[in-house]
Structures are given as structure tokens and as C-alpha cells.
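User: Could you take me on a close look at one pocket of this protein? I'd like to know what lines the space.

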Amino acid sequence: MREVVLWYSSHGWFTDAVREVLRGDVAMNLGQLDLNLLVVLDALLREKNVTRAAAGLHMSQPATSSALARLRKVLGDPLLVKRGRYLELTPRAESLVGPVREVLALIEQRIVAPPGFDPTQDERVFTLLASDYAGVTLFRPLLRRVGDLAPNLRLDLGGLTAHALNMIERDEIDLVIVPDSLAEARPLADCFSMQVVRDRYVGAVWSKHPLAGGTLSAEGLGRHPYLAFTSPGGAISLMDEDLERAGIRYRVEATSVSFTAMPFLLAGTRLITIIPESFGRQVTAAADIVLLDLEFAVRPVRESMYWHNRRDADRGHRWLRNQLYAVAQ
């Protein structure tokens with residue numbers, strides 16, 4: 001668990017932020033509140049589960065339960081209550097989600113984070129989330145670039161989850177890369193963005209496929225079995241949404257929840273799939289596939305990185321964004 005050790009004054013930005021959490025006599029309640037409990041509270045509000053919160057904080061479950069008991073006493077509210085097999089936040093706990101995250105962000109960015117940034121010397125950890133596709137096309141060169149320029153930095157890389165957009169809005173992660181169409185459908189509050197992916201879709205088939213060496217028409221797509229990408233939750237891809245919207249018929253014979261695995265599933269089959277061109281070019285030889293220009297129109301690939309506006313002026317964060325934008329070019 002990250003340990004927060006600091007002093008406070010009875011006025012200023014910190015007390016104003018904590019006042020929203022305590023909603024009472026700040027001087028009296030701050031004396032009762034170990035500020036490390038805010039880190040535990042943040043995890044409990046996010047996970048709504050003591051076991052998962054403990055795992056994320058690298059604490060034991062009894063220690064986390066004990067911290068929850070102390071929080072309940074200090075805040076005068078049960079915070080988490082049982083509803084059947086699951087725990088739910090009380091109305092008071094729901095109202096604390098934003099203020100608690102804001103307090104922790106202020107501590108991290110105004111007190112804990114160093115005022116300057118030297119990539120050759122500083123030790124920091126940045127958390128970035130992106131799709132498999134963006135991971136291959138952007139994270140791989142980013143790791144090489146950062147490794148050469150900033151040997152003491154650590155990048156924690158993860159895939160997109162159902163909670164990724166909520167996490168960036170709550171300022172829990174440094175950067176997330178998502179398709180523009182996804183962000184447009186679910187606007188992100190208090191976040192800045194920069195486009196880092198511009199690509200087009202192409203067909204992909206085994207090098208000995210009947211269509212190899214040609215182009216992919218709507219009629220050709222309908223005549224051959226299709227390999228579709230599906231999210232772990234079963235939702236169809238944005239590409240397949242475009243195909244259905246355009247009235248293009250296709251016959252799904254196989255699906256994959258791993259986007260990066262799809263080109264490697266084609267060899268020896270009559271399957272067709274559709275992938276971004278830059279990704280396809282990186283794996284053509286290894287996967288024994290050829291790429292086909294599409295004869296029908298689909299939306300281009302556009303993805304942007306998003307970050308919370310609190311981190312915009314952070315010198316280390318700005319440096320990392322510049323490196324990501326550089327490899328995107």
C-alpha cells in the first residue's frame with residue numbers, strides 16, 4: 001500500500017479538500033483520521049469488495065477489514081452494506097467517491113511528486129491502458145524509447161476494461177488510449193486528449209487463400225467464413241458494427257477475444273478477417289498472411305490518448321505524453 005505521511009494546516013487547499021470528505025469539524029476529525037485510511041477508503045469505494053481492495057493495496061484481508069471498521073467509526077457511516085451476496089455503497093459512501101479521489105490526487109501531485117523531472121535520473125511509475133492493437137503498435141516502440149531515455153522509469157501497461165473510462169475520469173491512471181468513436185459515445189469529463197492512431201482497415205487471409213493477391217469485396221466476404229473479434233463480454237467489434245450498418249453480409253465461423261492472435265489463426269484455413277493495416281504489416285511474415293484492400297467503405301481507425309486535466313502540467317507526465325506522441329508519428 002502507498003503510505004502517505006504528511007502534516008496539515010487548519011486552512012488552505014488541503015483542508016478545503018478534506019472538508020468535503022469529513023463534512024464536519026475539520027480540526028477535530030483530522031486528528032482522528034490517519035490519512036493512510038483515505039487510500040484504503042478509495043480502494044473500497046472503487047472495488048466494493050474487501051478482498052479485491054486488499055489485493056490491490058497489497059494488504060491482508062484482516063488489515064483491510066480493520067481499516068474499514070476504523071473508517072466507519074470516524075465517518076459515522078457503515079459505508080459498505082450487504083445486499084444479498086454482494087456489498088453496496090451507502091448514499092454517504094457514494095457521495096465520497098469523487099472527493100476522496102480528489103484528495104489523494106492532490107496529495108500525490110502537489111506533495112509527493114517532485115516539482116521537476118529528469119528522465120535520466122527520476123524514478124516514477126506510470127500506468128497506461130490500451131487495446132491489444134494499440135499495445136502492439138504503440139507500447140512496443142514506447143518501451144524501447146523510454147528504456148533508452150529514462151532507465152529508472154517503470155511503465156505498468158494494461159488492456160482496456162469496462163472500467164477504463166471511469167478510471168481516467170477519477171484520475172486513477174495516467175493515460176488510456178481508446179477508439180475515438182467509443183469516447184464520442186461516452187464523453188469524458190475533466191480530461192484532455194490527443195489523437196495518436198490514424199490507420200485504415202484491410203482484409204487479411206492465409207497466403208494460400210483463394211483471395212490472396214486480390215482485393216476484398218463485399219461479395220467475397222460473404223462467400224468465405226469470417227473470423228470476428230469479440231470483447232470478453234461478448235460485444236461485437238466496431239468494425240463488425242460498420243459491416244452490419246452498411247448491410248454487408250458475413251458468416252462468422254470463429255471468434256477470438258484476443259485481437260493480436262487473430263492473424264495467427266488464419267494459416268491453413270479459408271477464414272477472412274479485417275484488421276488495421278499497420279498491425280497487419282508487422283505480422284504478415286510471421287503469421288503467413290497477405291493483406292487485401294477493401295472494396296467497400298468503413299470508418300478509418302482513429303484512437304486518442306486521454307489523461308485527467310490535473311496531470312496536464314505535471315512535467316513527468318508531459319514528458320511521457322511527448323514520447324508516446326513521438327512513437328505514434
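Analyst: Happy to; here is the second largest pocket, followed by one of the helices that lines it.

This is a predicted model, where local features need pLDDT of at least 70 and side-chain atom pairs count only at pLDDT 80 or more, while totals for chains, interfaces and linings use all residues. Residues are numbered from 1 along each chain as its sequence is written, and side-chain values use heavy atoms, without hydrogens or water.

A pocket here is an open set of points on a 1 Å grid over the protein atoms alone, where a 1.4 Å probe fits, with protein on both sides within 12 Å along at least five of seven lines; lining residues have an atom within 4 Å of a point. The second largest pocket holds about 1,100 Å³ of space. Its lining counts 43 residues, and Ser131, Leu160, Pro179, Phe229 and Leu238 lie nearest the centre. α11 (238–245) is among the elements that supply at least two residues, and α11 gives the most, with 5 residues.

α7 also supplies at least two lining residues. Helices are DSSP runs of H or I, at least four residues, numbered from the N terminus. The 18 residues of α7 (132–149) should span 26 Å at 1.5 Å a residue, which agrees with end C-alpha atoms 25 Å apart; the expected span is 1.5 Å times one less than the number of residues. Buried residues (under 20% relative accessible area, 1.4 Å probe, protein chains only) of α7 include Tyr133, Leu138, Phe139 and Pro141.

Key:
Buried < 20%, exposed > 50% of the residue type's maximum accessible area, 1.4 Å probe, protein only. Points joined across faces, edges and corners; volume = space filled by probe spheres on them.
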